[in-house]
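Visitor: Hi, could you walk me through this one? I'm new to it.
Guide: Sure, have a look and then ask away.

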Amino acid sequence: MKKILVVAAVEMMVMALAGGVFAAPPLDVQVGVNAAVTNKCAVTSPGALNITIDPELTVDQPFTPLEPVAHCTKTKGGMDASITAESTNAGTTSNTGTLVGSLDSGAGNPIPYTFTFNPTVVGNGFGAGAPVAFGIGGSVASGDAQVAEYGSYTDTVTLTLAY
Amino acid sequence: MAISIDPSATGAQAITITTNATVKCSNQRAVTISAASAGSGVSSGTGSLTGMMKNGGNSINYTLNFNNNITGQGFGGGKDVAILVSGSVAQADAENAVYIVGSYTDTVTLTITY
């Protein structure tokens, strides 16, 4: 008779412990999630300016611009990237939006020209449809065009973005 | 959890789980877990949460994957069960993320019911 009573008591203790687990309240744990965004610009394709100079014309002759495709990180408050342009042949540098360059054929008689660009750009983020606007253009003054010698001329302008 | 977002990168960018949240429960005890993002105001018990990291008026969406149903392994050494699985920022959200001086933050509350 005593042995039967002991077994019954043990079973009741186990059930009581199990009941305590079921009644436990939920636990909350907090996890922090942090991010920093890299500020950058990237040029994904270069551009070129082309012009066929007609010495007979009496007006300034514009280049046909092809904009570089570039993207920059969006910035709080529209913080800008600044652009500096440098002409290889002329050795001139400008951050004002207007650069005087020099087209060279390698045989002397270079042709001066004016290169225009946006001195600052605003990042629109990356992805389709959000390139920055370089606003590239340029022209050869009529006086320089009229005295230009026949031939093929080139110059390289390096655009440097600071951001 | 932390991430350095490169807006020029292609594809989703993974959030690094620096220290995982873990739980110990009685052996074979079924445990359910839900998560809530303070930034987005979204709660989820499905194992996938849409969160939002903020800094002032700027924000970045992200996805957090977690174990929403686990089984307790008991107590003692090596019995911890990891809760967080992965996190990521989608390419479209990274591309348009606004650069700021400082960081974006969110707090996720994991609720463990057993």
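Guide: Let's begin with β4(B) and strand β5 (residues 43-44) of chain B, which pair in the antiparallel sense over two bridges. Strands here are DSSP runs of E with at least two residues, and helices are runs of H or I with at least four, numbered from the N terminus. Two strands pair if DSSP finds at least two bridges between them.

Visitor: Wait, how is all this numbered, and is it a predicted model?
Guide: Residues are numbered from 1 along each chain as its sequence is written, while chains are lettered from A and ligands numbered from 1 in the order in which they are written. This is a predicted model: local features need pLDDT of at least 70, side-chain atom pairs count only at pLDDT 80 or more, and totals for chains, interfaces and linings use all residues.

Visitor: OK, back to that hairpin. Which residue takes a positive phi there?
Guide: G41(B), with a phi near 75 degrees; the hairpin of β4(B) and β5(B) has five residues between the strands. In β5(B), S44(B) is the bridge partner of A35(B).

Visitor: What other strands does β4(B) join?
Guide: Strand β8 (residues 69-71) of chain B is antiparallel to β4(B), with three bridges. There, T71(B) partners A30(B). Strand β12 (residues 104-113) of chain B also runs antiparallel to β4(B), with six bridges, and T109(B) is the partner of A36(B).

Visitor: And which side chains of β4(B) are buried?
Guide: V31(B), I33(B), A35(B) and S37(B), which point to one face of β4 (residues 30-37), while A30(B), T32(B), S34(B) and A36(B) point to the other and are not buried. Buried needs 20 or more other C-beta atoms within 10 Å of a residue's own, exposed is 12 or fewer, and partly exposed is in between, with C-beta atoms placed from the backbone.

Visitor: Switching topic: how many residues does each chain give to the contact?
Guide: Chain A gives 26 and chain B gives 36. On chain A's side, β1(A) gives the largest share, eleven residues. Contact is when two C-beta atoms, placed from the backbone, lie within 7 Å.

Visitor: Which strands are bridged across the chains?
Guide: β5(A) and strand β11 (residues 98-99) of chain B run parallel, joined by two bridges. T75(A) has Y99(B) as its partner.

Visitor: How confident is chain A?
Guide: Its pLDDT, the predictor's confidence in each residue from 0 to 100, averages 82. Over residues 1-21 of chain A, though, pLDDT is below 50. Where pLDDT is low, the predicted coordinates should not be read in detail.
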